[in-house]
Amino acid sequence: MLTRIDHIGIACFDLDKTVEFYRATYGFEVFHSEVNEEQGVREAMLKINDTGDGGASYLQLLEPTREDSTVAKWLAKNGEGVHHIAFGTADVDGDAADIKSKGVRVLYDEPRIGSMGSRITFLHPKDCGGVLTELVTSATTTEH
Ligand code: CMX
Ligand code: CO
């Protein structure tokens with residue numbers, strides 16, 4: 001069951017500059033940052049609020065680390081902006097299988113590693129009304 005907005009993914013050319021915009025404008029601080037080589041991103045997670053399922057909602061600011069990454073390709077085509085949304089679930093495997101059975105393309109056969117050791121998969125934007133949609137099970141067990 002999808003129980004929260006886990007994050008909104010925002011693509012940018014300059015992560016440090018974008019982090020500073022969110023700090024100066026809204027007062028949001030970086031909760032966590034990392035490089036995910038598999039996804040080809042350097043990212044900062046800004047925690048906005050805790051959620052009723054024991055998880056939290058974040059903004060995920062994304063800067064590409066290489067030209068052939070999905071985010072670099074998207075930025076070249078669209079410029080900076082909202083890249084994807086992510087729903088949180090305690091069971092990414094079960095929810096992905098359930099959604100796949102409804103005819104929506106799930107991009108990975110098995111969930112991969114996302115922010116903060118979470119397990120993630122994606123739904124094809126062409127099957128989701130133009131919205132690239134991620135499913136996330138966080139590494140923390142508090143939501144179970
Ligand atoms: N949102 C909405 N539509 C998108 C999109 C996005 N983020 N990215 C691509 N599309 C659309 C394109 O506009 C294009 O549509 P048209 O054919 O109408 O022009 C179509 O999808 C195909 O796009 P493409 O540029 O040819 O890109 P690819 O098919 O090579 O890749 C996708 C698209 C979704 C398969 C790829 O972006 C992907 O695998 N995404 C999942 C991984 C990811 O995004 N990782 C970064 C974030 C990591 C994290 O959140 O932790
Ligand atoms: Co994401």
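This passage describes the metal site, the ligand pocket and several individual residues of a predicted model. Residues are numbered from 1 along each chain as its sequence is written, while chains are lettered from A and ligands numbered from 1 in the order in which they are written. Local features need pLDDT of at least 70, side-chain atom pairs count only at pLDDT 80 or more, and totals for chains, interfaces and linings use all residues; side-chain values use heavy atoms, with hydrogens and water left out.

The cobalt ion (ligand 2) is held by four donors, namely His-7 (NE2), Gln-60 (OE1), His-84 (NE2) and Glu-134 (OE), at 2.0 to 2.1 Å. Donors are N, O and S atoms within 2.8 Å of the metal (3.2 Å for Na, K and Ca); water is not among the atoms, so sites may look incomplete. Along the chain, the donors of the cobalt ion (ligand 2) are spaced as H-x52-Q-x23-H-x49-E. His-7 belongs to strand S1 (residues 2-11) and Glu-134 to strand S8 (residues 133-137), so this pair ties together parts that are 127 residues apart in sequence. Helices (H or I, at least four residues) and strands (E, at least two) are DSSP runs, numbered from the N terminus.

Of these donors, His-7 is buried at a relative accessible area of 2%, and Glu-134 is buried at 3% relative accessibility. Buried means under 20% relative accessible area, exposed over 50%, and partly exposed in between (1.4 Å probe, protein chains only). Gln-60 is located in strand S4 (residues 56-64) and is likewise buried, at 5% relative accessibility. The side chain of Gln-60 also makes a polar contact with the side chain of Glu-43, at 3.3 Å. A polar contact is a pair of N or O atoms within 3.5 Å; within protein, one must be able to donate a hydrogen and the other to accept it, and residues adjacent in sequence count only if both atoms are side-chain atoms.

Ligand 1 is surrounded by 18 residues, of which Gln-39, Lys-73, Lys-77, His-83 and Lys-126 come nearest. A residue is near a molecule or strand if one of its heavy atoms lies within 4 Å of it. A nitrogen atom of ligand 1 lies 2.7 Å from a polar side-chain atom of Gln-39, and a nitrogen atom of ligand 1 is 3.4 Å from an N or O atom in the side chain of Trp-74. The side chain of Glu-134 places an N or O atom 3.0 Å from an oxygen atom of ligand 1. Taken alone, ligand 1 exposes 970 Å², and the protein buries 70% of that. Accessible areas come from the Shrake-Rupley method with a 1.4 Å probe; for residues, only the protein chains shown count as cover.

The space taken by ligand 1 is the largest pocket. On a 1 Å grid over the protein atoms alone, a pocket is an open set of points with protein on both sides within 12 Å along at least five of seven lines, whereas in a cavity a 1.4 Å probe fits but cannot get out; lining residues have an atom within 4 Å of a point. A molecule sits in either if more than half of its atoms lie within 2 Å of the grid points. Helix H2 (70-78), strand S5 (81-89) and strand S7 (119-123) are the elements that give two or more residues to the shell around ligand 1. H2 gives the most to this shell, with five residues.

Strand S5 also contains Gly-81, which is partly exposed at a relative accessible area of 22%. Gly-81 and Ile-10 are 71 residues apart in sequence, with their C-alpha atoms 5.5 Å apart in space. Cys-12, in the loop between S1 and helix H1 (15-26), is buried at 1%. The C-alpha atoms of Cys-12 and Glu-80 are separated by 5.0 Å, with their positions 68 residues apart along the chain.

Thr-25 lies in helix H1 and is partly exposed, with a relative accessible area of 43%. The side chain of Thr-25 reaches the backbone oxygen of Phe-21 at 2.7 Å. Met-116, in the loop between strand S6 (112-113) and S7, has a positive phi of about 55 degrees although it is not a glycine. At 28% relative accessibility, Met-116 is partly exposed.
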